[in-house]
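Please look over the sequence and the model displayed below before reading on. The report then takes up selected strands, followed by the chain as a whole.

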Amino acid sequence: MASEEQLSAIKGAKVLMVGAGGIGCELLKTLALSGFEDIHIIDMDTIEVSNLNRQFLFRQKHVGQSKAKVAREAVLKFRPHIKITPYHANVKDPEFNVDFFKQFNVVLNGLDNLDARRHVNRLCLASGVPLVESGTTGFLGQVTVHVKGKTECYECQPKPAPKTYPVCTITSTPTKFVHCIVWAKDLLFAKLFGNKNQENDLNVRSADASSSSEHVEDVFERRADEDVEQYGRRIYDHVFGYNIEVALCNEETWKNRNKPRPVYTRDVLPPLPAEENGNKDKASNTGDPSSVSAMASLGLKNPQDLWSLRQNSEVFLEALRLFFLKREKEIGQLGFDKDDQLAVEFVTSAANIRATSFGIPLHSLFEAKGIAGNIVHAVATTNAIIAGLIVLEAMKVLQNDVKSYRMTYCLEHPSRKMLLMPVDPFEPNKSCYVCSETPLTLEINTHRSKLRDFVEKVVKAKLGMSLPLIMHGVALLYEVGDDLEEDEVANYAANLDKVLCELPSPVTGGTILTVEDLQQELKCSINIKHREEFDEEKEPDGMVLSGWTPALATEKNKTSDNGPSSSNASQTVPVEPDDDDEIEIILKDPEIISAGKKRKSSDISVAAGSEISGVTGEMLTKSKVVEDDSHNDIVMVDGNLDTNKKKRVQ
């Protein structure tokens, strides 16, 4: 039971929830039942069928509607007297600025991506509002408390970048099924149904393009006199047959590798009957496009069945046919969506055919969908536990009970008979550029790199600023905003294409740039250090930023032994996280004495989507996480970190 003091704090509190998904539904319900009477919710998403198994405030009839608004309506049915204000919007929209955040007593996060988490963290720091972060994946979960000046902020510890794979591995020498999935999803699907002008290695794998010019000329362009079935078979023969044969010509690549086997339609399927040509194209184009399914057309019912090579080939051709006959208007602008049945069928079949060529075990559609969508299946009970812990920490924050703050981790298996591991929060990291304003250093070739490179690769990608302003002394080099005059916009646009040393106020070695985001009210100084050369493989950006909290690599991108590729060796294909509100937590045999006491060596890594945020303290070693996609396991690789300098909040 809550004390009178707690009840008073709860009833008078104004709370902001960011995210109304798996955690958000449980959190809103728990807040309402705990006595909170003024709750605001921000969520830009609409309800999907795949949400219904765990986001219990939603029903089938709500599919397509705003999560924030439907969640409000559902809770008001059993708590009609409380005030719930929904916002169907992006938390990064300008209206949600520092002044907006200042009206709240505490902010509770249930987000699904690193970018939004960082944005909210900065707004909370700027407004002085405490933040309670959270996340779950399967049976694992976490809740952390971030209070300006008292605990570390969300960005005090490293977060890993989305996992990437070298293009040369994906296109030339795949060894895991995930490589085949990435090839089918990010290269083949995108080339056929997305922007056909994108550059990739699918047109031809030959180093001597002139010797195979017939394959270079728009091999993916459907000819005027070609029906869909003929087009599908031609594409099949090109990517699974011809491309493999060309790759085999480079004998050096296969000296220490098993050679792949070209697969042609003539080897798998019967010849296309002449009288059938063009007949299938007349199929009806009525009905809901989202319900179109190659499996249904072919009589395949169980998504957990393992298809043969022939079945995969039939699904591949049928899925391609259905895209052109039933969804032709979408072609040219499609992107892979795990909830798009036809897209999943196409990617699964293509990945399996490619896997057959390279001797990689096949996977069912159910398994392939999980890999393609980076799906970690959620457990509603974990969401409920984490929501309860969020509310408990929010109560402590409202009472300013700093000594009782805890970062709590929910474990899958008991450790010392405990499933919940409470840890004292840590003091702010003095080297954190976000909450401690520590200067950064950027090594860059100021004679070659343009201001655009600096903005895109550093300011936006690494520092996560949305509306940046860049100054050299009193000279304004770049600014973004709706209130700019036309001549200012033109001037800043022109600056973007100028080399750093040729800007109106030249940027050279020794220059100190001030970078500021007015919306986040974040400012940092960057010391510029001129450097002539960079390693293309290790430093593909052509610049190195020091002093920030970098992303932990989840897999090294080794390209030196992957054989030739027409792509740049440093190029990688990202694997995007599934858009859900789960995070990934890996704990390796943590030994816990009790809450508030020192812990022995343990390895904790927390990932938001595909991100990993290391949680370290006294006697704690940081870990690196490497995912073994061939078995869908998480493998811990221990690292060393001097954590003696890190202090707990007293």
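Which residue in β9 does T408 stand opposite?

## The hairpin of β8 and β9

In this predicted model, T408 stands opposite P422 in β9. The two strands concerned are β8, covering residues 407-415, and β9, covering residues 418-423, and they pair in the antiparallel sense over five bridges.

Between the strands of this hairpin there are two residues, and R416 takes a positive phi near 55°.

## A sheet of six strands

Elsewhere in the chain, six strands form an open sheet with mixed pairing, and their order is β12-β11-β13-β14-β10-β15. The edges are held by β12 (475-479) and β15 (543-546), each of which pairs on one side only. On average, and with direction ignored, neighbouring strands of this sheet are turned by 25° against each other.

Within the sheet, strand β11 (residues 468-472) runs antiparallel to strand β13 (residues 512-517), and five bridges join the two. In this pairing, H472 stands opposite L513 in β13. In a regular strand, side chains alternate between the two faces of the sheet.

## The chain as a whole

The chain contains 17 helices and 21 strands, and of its 650 residues 52% are buried. When contacts between residues at least 6 apart in sequence are considered, 69% of them join residues at least 24 apart.

The area that the chain exposes is about 29,100 Å², of which 48% is supplied by carbon and sulfur atoms.

Notes. Residues numbered from 1 in each chain as written. Predicted model: local features only at pLDDT ≥ 70, side-chain atom pairs only at ≥ 80, totals over all residues. Heavy atoms only, no water. Pairing = 2+ DSSP bridges. Helix = DSSP H or I, 4+ residues; strand = E, 2+ residues; numbered from the N terminus. Axes fitted to C-alpha atoms, helices over the stretch in contact; angles between N-to-C directions. Buried < 20%, exposed > 50% of the residue type's maximum accessible area, 1.4 Å probe, protein only. Contact = heavy atoms within 4.5 Å. Areas by Shrake-Rupley, 256 points an atom, 1.4 Å probe, with all protein chains shown as cover.
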